[in-house]
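Here are a few short exercises to work through with the structure open beside you. Try each task before you read its solution.

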Amino acid sequence: MTEQEIKEQDLKYNLHSWSKQGNLNPIAVEKSDGIYFFDYAGKRYTDMSSQLVNLNLGHSNKEIVAAIKQQADQFCFMAPGYAVESRSTLAKMVIELMPDNMGKVFFTNGGADANENAIKMARMFTGRNKVFSRYRSYHGSTFGAGNLTGEPRRYPLEPGIPGFIKFFDPYVYREAINFADEEAATAFYITKLREQVLYEGADNIAAIVMETITGSNGVIIPPKGYLKGVRQICDDYGIMMICDEVMAGFGRTGKMFGFEHFDVKPDIVSFAKGITCGYVQLGGVAVSKKIATYFDDHTLLCGLTYSAHPLACAAGVAALKYYKEAHILENVEKVGKVLGELLEALKMKHPCIGDVRYIGLFSALELVKDRQTKEPLVAYGQDPKGIMGGIIKNLISKGFVTYSHENMIMVAPPLIITENQLQEAMTILDEVLYSVDQTL
């Protein structure tokens, strides 16, 4: 097919997610390699969001592709009830990466159904029905995961499921209170969460679910001691602490999982994205030994036709080996330091940047109309003039591919990126931000 035929057929027959369909003009991609992909005219694009923050090991990783081919030659599918080498191997590898309290893993198709099954397990294990999650969060758009989600993408699911309770994020940049330090912020947020838990009836609450580090809603990094405070609330009242590591997991933050930065052990961990880097879709739920043992004598009422799909598990085994053998965490630490320096320099130069937040190769720029008032460039849940979309189109036209959410621009390149590649790409962002400054 020609480039034009591909685009015409795409627009005629495909519905694109999170988009008004009438004005779309998707790039027709011919090939990809490393941190780059190319259109049919040969134009190169730098993938500065790792697609949807999932292509951690970049495009066309030969080891992952070879593993998929080898599994396909053996067999492509076997139902979840059978023991399969790639399935068994990956489960063991995942648990060995987890804290020592973790016992077993249930594989899913992606992040949304990982979160669906995580809350089901928490409710079955505790016998309780209420689930806490945060407003600035995205956990998926299926019905259960969509009710966990706190931001505007949950609205089409409302009125929602009874028992899903929202609380506020530790979003220090936008808090009305000026805290003396991070510990003071933590004391405030944990006190309010504990109060809300008591008001909802602690013995009715099955789980507190959090993106360990809030992802698309702004890379909100919890202040010192916050996750330990949540852990203590959970311990005090028998509540399951569920860490959503779908976006932050598998090296994105410089550690294999985001919660490792904060010295806590969750009861349940949901994951997806970086476990296969998108080569074949896969997610999962890791549960503590205590929860795993409970299901020795109680039926696990969770099941998916494609749970632990052999092709996906083969891709996962290859990806986890590559993280270790290619020293990916070390690269994230090294290049992530450069990313932080570049973001801080951009903040100094551009009045349109209110804040930059970063950890490893996971970052967001928050755009504002006025630094003093912190008025966001676009109002929460509203962008009728397409301002953020226009900024992203400008970036893409210059070969810097990423996405925005609310007034945030994500910068989360593949974890294989080099310092030189990062610096080259960030000059494009610098150039586009000058044009945003001129609109203020």
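**Exercise 1: an enclosed strand**

Strand β9 (residues 268-271) pairs with β10 in the antiparallel sense, over 4 bridges. Keep in mind that the model is a predicted one.

Task: find out which strand is joined to β10 by 6 bridges, and how many residues of β10 are buried.

Solution. Start with the β9 side: valine 269 stands opposite alanine 286 in β10. Next, look for the other partner. Strand β4 (residues 102-108) is joined to β10 by 6 bridges, and these two run antiparallel. Here phenylalanine 106 has valine 285 of β10 as its bridge partner. Finally, check burial: 6 of the 6 residues of β10 (residues 283-288) are buried, so this strand is largely enclosed by the rest of the structure.

**Exercise 2: pairs of opposite charge**

Task: the whole structure has 20 salt bridges. Take the one between glutamate 96 and lysine 92 and the one between glutamate 200 and lysine 130, and work out where the partners sit in the chain.

Solution. Side chains of opposite charge can pair when their charged atoms come close. For glutamate 96 and lysine 92, the N to O distance is 2.5 Å. Both belong to helix α4 (residues 85-97) and are 4 residues apart, about one turn of the helix. Both are exposed, too.

Now for the second pair: the closest N and O atoms of glutamate 200 and lysine 130 are 2.6 Å apart. This pair links distant parts of the chain, with glutamate 200 in helix α7 (residues 182-200) and lysine 130 in strand β5 (residues 130-134), 70 residues apart. As for burial, glutamate 200 counts as partly exposed at 23% relative accessibility, while lysine 130 is buried, at 17%.

**Exercise 3: a lysine without a salt bridge**

Task: lysine 166 is buried yet has no salt bridge. What lies 2.6 Å from a polar atom of its side chain?

Solution. First place lysine 166: strand β6 (residues 164-167). Then look for opposite charge. The nearest such side chain is glutamate 158, 7.0 Å away, and a salt bridge needs the nitrogen and oxygen within 4 Å. Now turn to the backbone: the oxygen of asparagine 147 is the atom 2.6 Å from that polar side-chain atom. Leaving aside neighbours within four places in sequence, the contacts of lysine 166 include Ser133, Tyr135, Thr149 and Gln196.

Definitions and conventions. Residues are numbered from 1 along each chain as its sequence is written. This is a predicted model: local features need pLDDT of at least 70, side-chain atom pairs count only at pLDDT 80 or more; totals for chains, interfaces and linings use all residues. Side-chain values use heavy atoms; hydrogens and water are left out. Buried means under 20% relative accessible area, exposed over 50%, partly exposed in between (1.4 Å probe, protein chains only). Lys and Arg count as positive and Asp and Glu as negative; His and the chain ends are not counted. A polar contact is a pair of N or O atoms within 3.5 Å; within protein, one must be able to donate a hydrogen and the other to accept it, and residues adjacent in sequence count only if both atoms are side-chain atoms. Contact means heavy atoms within 4.5 Å. Two strands pair if DSSP finds at least two bridges between them.
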